[in-house]
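Me: I'm new to this one and would like to get my bearings. Could you show it to me, then take a few questions?

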Amino acid sequence: MRAVTQADVNAAARRLWMLPREDWGLAMRRALTKAHAADQYRKHFGRIHPIWGNGSLAAVFECAKAPVPGPMRAETAFLEATSEAIHAILEWRNRQNVRV
């Protein structure tokens with residue numbers, strides 16, 4: 001997976017915010033797996049993955065559906081979605097032994 005940016009965290013939080021809370025963990029695990037696979041595809045074939053994009057987490061979430069706007073203010077549920085996204089990214093990095 002490409003290096004995670006604030007845009008990736010924001011895209012993930014916006015998508016999670018629209019899902020039932022019990023689906024957040026699974027959605028993040030799937031998105032991280034897809035982003036990693038898309039990045040491997042990009043490196044191997046020299047072009048972006050036709051469905052999952054360029055290997056970034058934001059591309060996976062934005063390719064799934066139209067981008068979701070965030071809340072106009074820092075709603076508690078959106079902040080919790082942001083926290084879940086960051087936590088899932090850190091867990092994925094630990095499992096992959098990724099150090100940046």
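Me: Which residues is Leu 16 in contact with, leaving aside its neighbours within four places in sequence?
Reply: This is a predicted model, where local features need pLDDT (the predictor's confidence in each residue, from 0 to 100) of at least 70 and side-chain atom pairs count only at 80 or more, while totals for chains, interfaces and linings use all residues. Numbering starts from 1 along each chain as its sequence is written, and side-chain values use heavy atoms, with hydrogens and water left out. Counting contact as heavy atoms within 4.5 Å, Leu 16 touches Trp 24, Ala 27, Met 28, Ala 81, Glu 84 and Ala 85.

Me: How many residues are in the largest nonpolar core?
Reply: Such a core is a set of buried (under 20% relative accessible area, 1.4 Å probe, protein chains only) Ala, Val, Leu, Ile, Met, Phe, Trp, Tyr and Cys residues joined through side-chain atoms within 4.5 Å. Leu 16, Met 28, Leu 32, Leu 57 and Phe 61 have the most contacts inside it, and the residue count is 22.

Me: Why do the buried residues of helix 4 line one face?
Reply: Helices here are DSSP runs (H or I, at least four residues), numbered from the N terminus. Helix 4's buried residues include Phe 78, Ala 81 and Trp 92. Going by directions from the helix axis to the C-beta atoms, they line one face because they fall within an arc of 125 degrees.

Me: Which exposed residues sit on the face of helix 4 turned away from its buried side?
Reply: Exposed means over 50% relative accessible area. On that face, the exposed ones are Thr 76 and Arg 95.

Notes: Helices (H or I, at least four residues) and strands (E, at least two) are DSSP runs, numbered from the N terminus.
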